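Student: Could you take me through one part of this protein in detail? I would like to look at a charged patch on the surface and then see the setting around it.

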Amino acid sequence: MDNKSLWVSSIFIPLLIISFALPPIALCQEVEDEHEFSYDVNSHNGPNHWGEIHSEWSMCNHGDLQSPIDLTHERVQTTSKLGKLDRDYKPANATLINRGHDMMLKWIGGAGHVHINGIEYHLNQLHWHTPTEHTVNGRRFNLELHMVHESIDGKIAVIGIMYKIGRSDSLLSMLKPYLKVSAATKGVETSVGIINPRDIKIGSRKYYRYIGSLTTPPCTQNVIWTMVKKVRTVSREQLHVIREAVHDHEFSYDINSHNGPDHWGEIHPDWKLCNHGDMQSPIDLMRERVQTTSKLGKLDRDYKPANATLLNRGHDMMLRWIGGAGYIHINGTDYQLSQLHWHTPTEHTINGRRFNLELHLVHESTDGKFAVVAIMYKIGRPDSLLSMLEPYLKVLASTKGVETSVGIINPRDIKIGSRKYYRYIGSLTTPPCTQNVIWTIVKKVRTVSREQVNVIREAVHDDAEVNARPVQALNNRWLKLYRPDEHRND
């Protein structure tokens, strides 16, 4: 066996002591400015080019101990000599910050340490990557947590935990309100109170150990990696919260782009429904496919005024209600109104015709199911909601990622103007394209002024001329049109 093969076989090992001495490394900080590097493999500042951006990042391209790696079974040497993972953590105050390329939880003061080979590595921070950076026999999972530790002489040790879709993760459940706020406030550090690192469940004494690097520039080497063998679970909603905060730039509406609508399903494993789902949205509301019925009943909206914020998410403008803004009732289930946003032109079409603007009112049930009410608009008289929001929209056109209070907004002020609506089962129209969404599309096409459409367009269309997904196949789904029965009082 040559020296290179011997070295590789020595690093893919669970529970194995690395007996050589690590050379000292300088205190290193991960890069905070996400604009300097990208995860887009086709970008000029993507992973293949990180080492060219700054001289001190050269290790990213030329290092021989880089991370992440594939934890391949045939390269692993099993041992019991490393001993159990010795964690001596304690509760401490922490803050949460959206660094643009990830969400980071940072402890203020001492949160304890891990002991590795007689050295104490103090816990500084943790952050998440989606999907996992490390793979097991070539397989990626949905989420990876990195707990970053540092010794007094600047050496780094990272504990990694991988997650697949399943039950909710307790830490993310606790952080959910803060994560949603931080999604809209990149670069702002928010206190989250006392966090006990021991509450982060590992669930296994088995782990992989190897010597690698930081996985972001400057890609500093000689990092001790401890990857927990057990793959834990995270809910799809929790994953979406992390993704929404930092991954807006990962997809595009440009049909000629490598990350355009035809390629959304290739970008992440849990976005595969975007390409392969059979219940995708939007669709064309074709007359010959429509079944008219009066049995659906009128749209049962139980809305109320509530404080709201406006946010330019980059791919759209979103109005989010703070606290309860009421709900709609569908088939005996309450769907709480959480937010609305706009697409230009319309995503849904009627007999192949697109209109100028589409509003989506997004609702969610207590068990995480979605219902969306959509309203389409053509050029004409101004829309009253957009007239009220116009000053905020103009300001936010130049301040992406900043959430601005717009006061109390009453959802009932959003005019529908018709009791007739289309109903079908579809999906979210942005990644991860989650299916089994109940769509209610108001039949009447309302009006919006050309200036109002331009305000929306200028705010979010930096790269593409539209922010509307192309129509998807109806396949074997039913498409119904509710029309009130003249003899019934509904």
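**A positive patch and its setting**

Tutor: Happy to! Among contacts (heavy atoms within 4.5 Å) between residues at least 6 apart in sequence, 67% join residues at least 24 apart. This is a predicted model, where local features need pLDDT of at least 70, side-chain atom pairs count only at pLDDT 80 or more, and totals for chains, interfaces and linings use all residues. Residues are numbered from 1 along each chain as its sequence is written, and side-chain values use heavy atoms, leaving out hydrogens and water.

Now to the patch: Arg287, Lys420, Lys443 and Arg483 form a positive one on the surface. Patch members have over 30% relative accessible area and no salt bridge, with like charges joined within 9 Å; a salt bridge is a side-chain nitrogen of Lys or Arg within 4 Å of a carboxyl oxygen of Asp or Glu. Lys and Arg count as positive, while His and the chain ends are not counted; each charge is placed at NZ of Lys or CZ of Arg.

Arg483 lies in the segment after strand E29 (479-482); strands are DSSP runs of at least two residues and helices (H or I) of at least four, numbered from the N terminus. Its relative accessible area is 46%, so Arg483 is partly exposed, the class between buried (under 20%) and exposed (over 50%), using a 1.4 Å probe and protein chains only.

On the other side of E29, Val466 sits in the loop between helix H9 (450-460) and that strand. Val466 is also partly exposed, because its relative accessibility is 27%. Its C-alpha is 7.8 Å from that of Asp254, although the two are 212 residues apart in sequence.

Methods:
Patch = residues over 30% accessible without salt bridge, like charges linked within 9 Å, V, L, I, M, F, W, Y side chains within 5 Å. Areas by Shrake-Rupley, 256 points an atom, 1.4 Å probe, with all protein chains shown as cover.
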